[in-house]
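Student: I should like to go through the reasoning behind several structural assignments. Could each be set against its criterion in turn?

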Amino acid sequence: MTYRCHVLADILKKKLKEAMLMDYQITLKQKASQPVLSVRKITSISKLPEEIGKAYGMIAMYMQEMGEQPKEAPFTAYYNMDMDNLDVEMGFPVSKSITGRGEIKAGEIPEGKYVEGMYKGPYSGISSAYDAMSAWMNEKGLTPTGVAYEYYFNTPGEVPDSELLTKIVFPVK
């Protein structure tokens, strides 16, 4: 390649990177601890939708019995990315600490710095948002702690896959 082509390629890469980051509205926030009710499981990626549905249903029924409402959208925390043995925690943020029951545990999402980004589209394409957020954190010198949270604002049964809204959140150091 000629010098001119290299310069043009570098400009295009920079513009593409900027466009990628803008699409996801990535921000750094300081957050207080958040009480949750959740269920933690080891499962495979193929069984994850079923496990999420069971956990959310169980927790929602328990909250209804307790006269409580979720404070925010339901979440799934990913403690690893081993697709055959995913370590996941599925739950709901709640307004105050509530005693768990059986598989449902009371816990909290810890206070700290978090990088957040919104993704709109099918779950099968979410890796592009993770890539953009990783690049953003790297650029800012932030190190993820190893956990990733996804908050689901709607479901495939409610809207077309292209309209699914997922907030991705990384605790960082």
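Student: In this predicted model, what separates E51 and K54 in helix α2?

Tutor: E51 and K54 are 3 residues apart in helix α2 (residues 48-66), which means that about one helical turn separates them. An α-helix has 3.6 residues a turn, so residues three or four places apart point the same way.

Student: Why is the contact of E51 with K54 called a salt bridge?

Tutor: The closest N and O atoms of E51 and K54 are 3.9 Å apart. The criterion is a Lys or Arg side-chain nitrogen within 4 Å of a carboxyl oxygen of Asp or Glu, so the pair qualifies.

Student: Is E51 called buried or exposed, and why?

Tutor: The relative accessible area of E51 is 13%. Buried means under 20%, so E51 is buried. K54, with 47%, lies between 20% and 50% and is therefore partly exposed.

Student: What makes R40 and D87 a link between separate parts of the chain?

Tutor: R40 forms a salt bridge with D87, with 2.8 Å between the closest N and O atoms. R40 belongs to strand β2 and D87 to strand β4, so the salt bridge ties together parts that are 47 residues apart in sequence. D87 counts as buried at 16% relative accessibility, whereas R40 is partly exposed at 47%.

Student: How do you know that β2 and β4 are paired?

Tutor: Pairing requires at least two bridges, and 8 bridges join β2 (residues 34-43) to β4, so the two strands pair. They run antiparallel, and the bridge partner of S38 in β4 is G91. Strand β3 (residues 75-78) is also joined to β4, by 4 bridges and in antiparallel fashion; there, Y78 stands opposite V88.

Student: Why is β4 described as largely enclosed by the rest of the structure?

Tutor: Of the 8 residues of β4 (residues 86-93), 8 are buried, so the strand is largely enclosed by the rest of the structure.

Student: How do you know whether the span of helix α3 agrees with its number of residues?

Tutor: Helix α3 (residues 127-140) has 14 residues, which at 1.5 Å a residue should span 20 Å; its end C-alpha atoms are 20 Å apart, so the two values agree.

Student: Which residues of α3 are buried, and what places them on one face?

Tutor: The buried residues are A129, Y130, A132, M133, W136 and M137. Seen down the axis of α3, they fall within an arc of 165 degrees, so they line one face of the helix.

Methods:
Residues numbered from 1 in each chain as written. Predicted model: local features only at pLDDT ≥ 70, side-chain atom pairs only at ≥ 80, totals over all residues. Heavy atoms only, no water. Buried < 20%, exposed > 50% of the residue type's maximum accessible area, 1.4 Å probe, protein only. Expected span 1.5 Å × (residues − 1). Arc of directions from axis to C-beta.
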